[in-house]
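Me: I'm new to this one and would like to learn how to read it. Can you walk me through it, starting with charged side chains?

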Amino acid sequence: MTPTRGPRRRDRHGRGLRGPLAPSYVPIARSRSERFDDLVLDAVDRLKPQWGKQLAAVEFAVEEVPPVSELGDGPGRLGSEPIPFGRADTASGADPASVVIYRRPLEARARDRDMLGALVHDTVVEQVATLLGLSPETVDPGYDERG
């Protein structure tokens, strides 16, 4: 009869349980989704000095991917229209206006962190412009210079 063992642990050599690889206050300790959320918040903060009053009642959110309803049906759909980077929903009833940014399509398009930051900012500007019924150049005068 073999002795029963307890559950396997990472403490195989008696050195204690593993701790975090980096302290929580170091930027590398943040997950990819947390860093993406920060990029969205930075983009919104850059718009607030000029558009703070209009954006006060707008909710900003991040989702991983667009819902299937926004992608259409069949493989031919992907060739005809690009995958959306975000959406803007106007206020209806008790639901406030909202801007939703999709993380995965933007990360797939960006080559590096700087490009991702620029794409996130442009997407936020485009969605806010759609929500306010303005052109992106009106919301952010520097928009057409990057584009």
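Me: Which residue forms a salt bridge with Glu-107?

Reply: The general idea is that side chains of opposite charge can pair when their charged atoms come close. In this predicted model, Glu-107 pairs with Arg-32, and their closest N and O atoms are 3.3 Å apart. The two sit in distant parts of the chain, 75 residues apart: Glu-107 belongs to helix 4 (residues 103-109) and Arg-32 to helix 1 (residues 32-55).

Me: Is Glu-107 buried or exposed? And what about Arg-32?

Reply: For this you look at relative accessible area, where buried means under 20%. Glu-107 has 17%, so it counts as buried. Arg-32 has 48%, which makes it partly exposed.

Me: Which residues are linked with this pair in a network of salt bridges?

Reply: Look for charged residues that join up through their bridges. Here Arg-32 and Glu-107 share a network with Glu-64, Arg-103 and Arg-104.

Me: How many salt bridges are there?

Reply: The count comes to six. Among them is one between Arg-87 and Glu-63, at 3.8 Å from N to O. That pair also links distant parts of the chain, with Arg-87 in strand 2 (residues 86-89) and Glu-63 in strand 1 (residues 59-63), 24 residues apart. Arg-87 meets Asp-89 in a salt bridge too, with 3.0 Å from N to O.

Me: How accessible are Arg-87, Glu-63 and Asp-89?

Reply: Read the percentages again. Arg-87 is partly exposed at 21%. Glu-63, at 32%, is partly exposed, and Asp-89 gets that label at 29%.

Me: Back to helix 1. What does it span between its end C-alpha atoms?

Reply: The trick is to set the end-to-end span beside that of a straight helix. With 24 residues, a straight helix would span 34 Å, but helix 1 spans only 26 Å.

Me: Where does helix 1 bend?

Reply: Go to Pro-49, where helix 1 bends by about 95°.

Me: Which residues of helix 1 are buried?

Reply: Use that accessibility cut-off once more, under 20%. The buried ones in helix 1 are Phe-36, Leu-39, Val-40, Ala-43, Val-44, Leu-47, Trp-51 and Leu-55.

Me: What do the buried residues of helix 1 pack against?

Reply: Here you check which elements they contact. They pack against strand 1 and strand 3 (98-102), along with helix 4, helix 5 (113-132) and helix 6 (136-139). You've met helix 4 already: Glu-107 sits there, paired with Arg-32 of helix 1.

Technical notes: Residues are numbered from 1 along each chain as its sequence is written. This is a predicted model: local features need pLDDT of at least 70, side-chain atom pairs count only at pLDDT 80 or more; totals for chains, interfaces and linings use all residues. Side-chain values use heavy atoms; hydrogens and water are left out. A salt bridge is a side-chain nitrogen of Lys or Arg within 4 Å of a carboxyl oxygen of Asp or Glu. Helices (H or I, at least four residues) and strands (E, at least two) are DSSP runs, numbered from the N terminus. Buried means under 20% relative accessible area, exposed over 50%, partly exposed in between (1.4 Å probe, protein chains only). The expected span of a helix is 1.5 Å times one less than its number of residues. The bend at a residue is the angle between axes fitted to the seven residues ending there and the seven starting there. Contact means heavy atoms within 4.5 Å.
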